[in-house]
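I opened this notebook to record how the helices pack and where the nonpolar residues gather. The entries follow the order in which I looked things up.

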Amino acid sequence: MNKIIVANLKMNLNYNEALNYGDILRKYNYDNIIVCPSNIHIDLMHKYGVVVGAQDAYYLNKGAYTGEVSFYQLKDLVKYCIIGHSERRTLFNESNEIIKDKIASCFFNKIIPILCIGETKEEYDNKKTFEIVEEQIKDLNISGEIIIAYEPVYSIGTGIIPNDDGIDNVHTYIKKRFKEIYNIDIKVLYGGSVNLDNCKDICNIESVDGLLIGGASIDVNNLIEIYKKVNL
Ligand code: PGA
């Protein structure tokens, strides 16, 4: 089974850059690459035949919420949506409660949530990793497929990644808890400072089902090289 590669483009690429990105990617037609662009580029990526995810959305379906985009509006264009990214949690004050509402809205609208979880450096130093992860995955109302992305917050955009055992222990724990609590098998992606040099080693860890890539996915050719290194 190929590893899943998710590109989180964050607030990058202008219109022409996004056109170029989609145009290059469609020529490869690889399975299991999911591109999560800004909302304004979702339609063009979708038309290029790229498998598309959103980066976030609002949990209510419609109404007077100026500036927001809902899962209901996205559902015919995206197959996936990143939920609870640490930048949403810290910069936009998203609580586990709001994140649960967003997951529920994903299920309602038949979008597969890619739920991001992970501890801060301070929590890691205080040996609270499992406690934090448990808090982030408990009491979910699961009624469809869900993917988890384990992204230690101190690892995002910093070049610092946990050692192989650190990644494996947390991934194994998450899988075990989803089986115990919800009786489902889930895929767990690793995210945080993934690049062309470290992608293969990370994917050699058996409990890693794929990668969520930020900075190293902005250049589409680099994303393709990572995909090839991991999957071909
Ligand atoms: P990074 O970001 O690969 O640039 O560390 C990952 C993410 O934020 O999902």
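**Entry 1: α1 and α10.** I began with helix α1 (residues 15-28) and helix α10 (residues 220-231), whose axes lie 10 Å apart at an angle of about 25°. The model I am reading is a predicted one. Angles under 35 degrees count as roughly parallel, so I entered α1 and α10 as roughly parallel to each other. I noted the crossing of α1 past α10 as right-handed.

I then listed the residues that form this contact. From α1 I recorded Y21, I24, L25 and Y28, and from α10 V220, N221, L223, I224 and K228. Sorted by character, the residues of the α1 contact with α10 comprise seven nonpolar, one polar and one charged.

**Entry 2: ahead of α1.** I next looked at N14, which I found in the loop between β1 (4-8) and α1. Is N14 buried, partly exposed or exposed? Its relative accessible area is 42%, and I therefore entered N14 as partly exposed. I also checked N14 against S38: they are 24 residues apart along the chain, and their C-alpha atoms are separated by 9.4 Å.

**Entry 3: α7 and α8.** I turned to a second helix pair, α7 (residues 129-137) and α8 (residues 164-182). At what angle do α7 and α8 pack? I read an angle of about 40°, with the axes 11 Å apart. That angle makes α7 oblique to α8. I recorded the crossing of α7 and α8 as right-handed.

On the α7 side I listed T129, F130, V133, E134 and I137; these meet N169, V170, Y173, I174, R177, F178, I181 and Y182 in α8. In the contact of α7 with α8 I have nine nonpolar, two polar and two charged residues.

**Entry 4: the nonpolar cores.** Which residues have the most contacts inside the largest nonpolar core? I noted Y21, M45, L115, I148, I174, F178 and L211, in a core of 59 residues. Of these names, Y21 had already appeared in my α1 list, and I174 and F178 in my α8 list.

There is also a second, separate core of 13 residues, and I34, I82, C116 and L212 are among them.

**Entry 5: around L115.** I closed with the surroundings of L115, leaving out residues up to four places away in sequence. L115 touches I83, R89, I99, I103, Q136, L140, I146, I147, I148 and A149. One of these, I148, is also listed with L115 among the residues with the most contacts inside the largest core.

Definitions and conventions. Residues are numbered from 1 along each chain as its sequence is written. This is a predicted model: local features need pLDDT of at least 70, side-chain atom pairs count only at pLDDT 80 or more; totals for chains, interfaces and linings use all residues. Side-chain values use heavy atoms; hydrogens and water are left out. Axes are lines fitted to C-alpha atoms, for helices over the stretch in contact, and angles run from 0 to 180 degrees between N-to-C directions. Helices (H or I, at least four residues) and strands (E, at least two) are DSSP runs, numbered from the N terminus. Angles under 35 degrees count as roughly parallel, over 145 as roughly antiparallel, 65 to 115 as roughly perpendicular and the rest as oblique. A crossing is left-handed if the near helix is turned anticlockwise from the far one by less than a right angle, and right-handed if clockwise. Contact means heavy atoms within 4.5 Å. Ala, Val, Leu, Ile, Met, Phe, Trp, Tyr, Cys and Pro count as nonpolar, Asp, Glu, Lys and Arg as charged, and the others, Gly among them, as polar. A nonpolar core is a set of buried Ala, Val, Leu, Ile, Met, Phe, Trp, Tyr and Cys residues joined through side-chain atoms within 4.5 Å. Buried means under 20% relative accessible area, exposed over 50%, partly exposed in between (1.4 Å probe, protein chains only).
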